[in-house]
Amino acid sequence: MKFYFFIYILMMANLSLAQIQVHLEVDSDAMSVNEVIGVSVKIVGARNASTPKINTNGNFNLQHEGSSSQINIINSNTTISTSHQFQLSPIKPGNFTLGPATVEIDGNEYTSNVVSIRVSTATSVPNKDRHYYIETFLDKKEAYLGEQVIHTFKLLNKVQLYNSTLEIPKFDGFISESLGPEKSVIKIINGVRWKETEIKTLLIPTKTGDLEIPPASINAKLIISQSFFGAETKPVRLVSEAIKIRIKELPLTNKPSNFSGLIGEFNISASLEKNNIKRGESTTLTLEISGIGDSQDFPEPEIKTNEFKIYNDKPTFNKTVQGNQIRSVKTFKKAIVPQKAGNITIPSIEIAFFNPSSGKYESKSTQAISINVLPSENGDEELKLATFNNLTSEKRNINLLATDLMPIFYHPGVLENRFTQNIKINHLYVFNIFAFILYICLYYQKHFKNKIKLDFKKTKRNKAFSVFNKQYKNLKKQPHFCSQASALLREYLGDKFQLDGKSITTFDLDKIFLNSKISKQTLLELKNIFTKLDNFQFGGITINDSQKDELMVALFKIVKKLEQEL
Amino acid sequence: MISKILFLYFLLIFSSSTLALNESDTKIFIDSNTSYDQGDYKNALLKYQELAKRFPKSGELYYNLANAYYKNGELGKSIFYYIKARKILPRSGDVKYNLEYARNQKIDKQESDKNLLDLFHIPFNENELLILVTVCALAFWTIMIISLYKRNFIIMYTRYITVSLLILTSTLLILHNFSEKNIGVVTAQETSVFSTIGVNSIKLFTLHEGSEIVVLDKKDNWNLITIGDNRKGWIPSDKIIN
């Protein structure tokens, strides 16, 4: 175990001391614009390197393919290396430099060497002599503005290609619409089996002039040889030619006044829900504009008449791709409410469009439709439009022509003081001071009350002896000596223990003095005095002066003793 | 007792002198709006300024004044008055829109795309904050008085909540009042900010019209200002509005 640990430490030490080097290598220093070559960045002496960044100066497209690591131990020297593979495809012909590659290791940046690459123009090998090629074309060389044009991309290969990545160009100046997923067919040409993959896109030009559609390209891998251990592949890049097309303005001659920009081949049909209705009732007129081309922006057809009222419903629109063409149907529904009884006629409605196939403006119209309107039952002009919940016409975007400040406030009322503006910060201070004073008052009221209560009890306890003493001096002169003496002693005890003195009896004494500190002797003496007083008071024995004196002395003595001991 | 105090408080509020809108003010306001509509922004400005002295709590008036300044080509002043209007009408969409509109015209980019004075923006005006503080204070003192006689879990926690709300709203009020006194905007086309008072000292940086500043101190005819990012310096008073 120690041995393996030692080896590990040794390896780590070697690895950490190894010098870090970055090498940039390319498969070839010469290539054509439709070729792809391999580029590798080898990092020697480091394990945790970031993915290298290669400076292409905007002349190449670079795609990271993956990385691999290696550890070599030769004569106890350990070397670790990581290799990153890239695919390099040029953007334009010329002599360029590639690199340096930069990697970041533990916060430090390491750079590689730079390599020169010569990029030549695409080799002009006839398609039939190739093993694979791509081509792009349009179905016409010139078109009218808004006319449908089909862009076709074709990949033909008689050898197998893997991991194909297609780059369809940006169709600037056109609205593009996919004509479905790619289609693959196998064709036998001169006895050779070719695979043909086709992608079609429908383009509608939005501006006139000579437009160019940039080349499409495809990156793929070509299998060179296959063995038991796997297949050897080579990256390939195929680039098509750019395509030019001339987009013409629509002719100005014979342009109908009601032409609204509809381009294609269209038809219009009209149908009425009911031909016989009562005055005030409604019937629905449906107008359907259908055909080849996009009719989404076709406006609501207008019917000018005083014989009936028209309420437009929200139009519906449907667009489909059929046989490499866009077909659309726009349906307008109108509620027709006759204003008078009798026969009324919905006039013919005409649409004008430009047909690119004929290169002429054409028009189509509906037949006039007559409605038999019967008089209303109650004679009132009552409109029954409950079936039409949404009578708004198609919403259009509002175009912002300019921006400016929001308008000023015009109402003089904005100058007036509002209720909230009357509140001043001083009011807040006053309120808080009031609230604070109130709180302090209530606080003291509560605490002072408790204190007085407590103090009263304490005062009574402290003054118990002086109260006793005051009454004791006049006790002998009292007519009912015994009852007065007994009451005086009870009151003294009551004051001392915060009890009702009058209700204290001899039997309560044990309970009262249970937790007090007075001695048993004192308690016994107190009980004796209570008993003597009770005997004289309730036993019918008449007390003489000497007995009075004796009791007076004993009473004073016991109270003095209690005063000391409590 | 509490009801008596509240009565006194609200009596105080209602009895405070209210500024009535008289006919002459209405006429000046209508005239200034007419001048604005006719493109006579200088005249509109004079009248709006006259009204602003009498109605310093009308956010709409500051807004109109700011619009007139903007139309008159005085970007710095317009931004300043839009900010003042926003302090009184903090949730007005028109004020917010026009302030941003005016800010888009200024040259200087500040505080990593954030406007310095937006840091002090509170979505309540002074009066609303005063009401909030008052309500919180009322709740706080009420719960304090209740807690004198009754103590339980709910009362204790309500006391903590009300005191926290009182501190929060009071802090917002203090911040609001601080920002009202210390905000400023550069009105000169271009002006330098110096390290010390006097044009002979070192020029630290240059500001352009509409740049928002916070005034930290004033001395003679100079203001110590900051634009955030630890950038401070002295600027002549006549180059800014504060």
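How many helices and strands are there in chain A? Chain A holds seven helices and 32 strands. The model is a predicted one, and the mean pLDDT of chain A is 79, with 88% of its residues scoring at least 70. Two stretches of chain A fall below a pLDDT of 50. Residues 1–17 form one of them, and beyond near neighbours in sequence this stretch has five contacts in the model. Residues 380–393 of chain A also have a pLDDT below 50, with 23 contacts beyond near neighbours in sequence. Where pLDDT is low, the coordinates should not be read in detail.

Chain A has 566 residues, of which 23% are buried. Among the contacts of chain A with a separation of 6 or more, 71% are between residues 24 or more positions apart in the sequence.

The strands around β17 of chain A can be taken next. In general, strands of a sheet pair through backbone hydrogen bonds, in either the parallel or the antiparallel sense. Strand β17 covers residues 192–205 of chain A, and strand β13 (residues 149–157) runs antiparallel to it, joined by nine bridges. One position that fixes the register of β13(A) against β17(A) is A:Asn157, whose bridge partner in β17(A) is A:Lys195. Strand β16 (residues 183–189) of chain A is also antiparallel to β17(A), over seven bridges, and here A:Ser184 stands opposite A:Thr197 of β17(A). Two residues lie between the strands in the hairpin of β16(A) and β17(A), and in this hairpin A:Asn190 has a positive phi near 50°. Strand β15 (residues 174–178) of chain A is joined to β17(A) by five bridges, again antiparallel. In that pairing A:Phe174 is opposite A:Pro205 of β17(A).

Another sheet of chain A is open and mixed in its pairing, with three strands in the order β12-β21-β18. Its edge strands are β12 (142–144) and β18 (209–213) of chain A, each of which pairs on one side only. With direction ignored, neighbouring strands of this sheet are turned by 30° against each other on average. Strands β12(A) and β21(A) run parallel and are joined by three bridges, and A:Ala143 has A:Ile247 as its bridge partner in β21(A).

Some loops hold backbone geometry worth checking by eye. Most residues other than glycine have a negative phi, and most peptide bonds are trans. Which residue in the loop between β21 (243–248) and β22 (259–263) of chain A is to be looked at here? The residue is A:Asn254. Its phi is positive, about 60°, although A:Asn254 is not a glycine. A:Asn254 counts as exposed because it has 8 C-beta neighbours inside 10 Å, and the limit for an exposed residue is 12 or fewer. A comparable case is in chain B, where B:Asp220 has a positive phi near 50° without being a glycine. B:Asp220 sits in the loop between β4 (212–219) and β5 (222–226) of chain B. With 9 other C-beta atoms within 10 Å, B:Asp220 is exposed.

A cis peptide bond leads from A:Gly99 to A:Pro100, with omega near 5°. A:Pro100 belongs to the loop between β7 (94–98) and β8 (101–105) of chain A.

The last element to follow is helix α6 of chain A. Helix α6(A) takes in residues 520–538, which is 19 residues, and spans 26 Å from its first C-alpha to its last, close to the 27 Å expected at 1.5 Å a residue. Which residues of α6(A) are buried? They are A:Leu526, A:Phe530, A:Lys532, A:Leu533 and A:Phe536. Seen down the axis of α6(A), these buried residues fall within an arc of 160°, so they line one face of the helix. An α-helix has 3.6 residues a turn, so residues three or four places apart point the same way. The exposed residues on the other side of α6(A) are A:Lys520, A:Gln521, A:Leu524, A:Thr531 and A:Phe538. The buried residues of α6(A) pack against three helices of chain A, namely α4 (481–496), α5 (509–512) and α7 (545–565). Just after α6(A), A:Gly540 takes a positive phi of about 75°.

Key. Residues numbered from 1 in each chain as written. Chains lettered and ligands numbered in written order. Predicted model: local features only at pLDDT ≥ 70, side-chain atom pairs only at ≥ 80, totals over all residues. pLDDT = per-residue confidence, 0-100. Contact = placed C-beta atoms within 7 Å. Helix = DSSP H or I, 4+ residues; strand = E, 2+ residues; numbered from the N terminus. Expected span 1.5 Å × (residues − 1). Buried ≥ 20, exposed ≤ 12 C-beta atoms within 10 Å, placed from the backbone. Arc of directions from axis to C-beta. Pairing = 2+ DSSP bridges. Axes fitted to C-alpha atoms, helices over the stretch in contact; angles between N-to-C directions.
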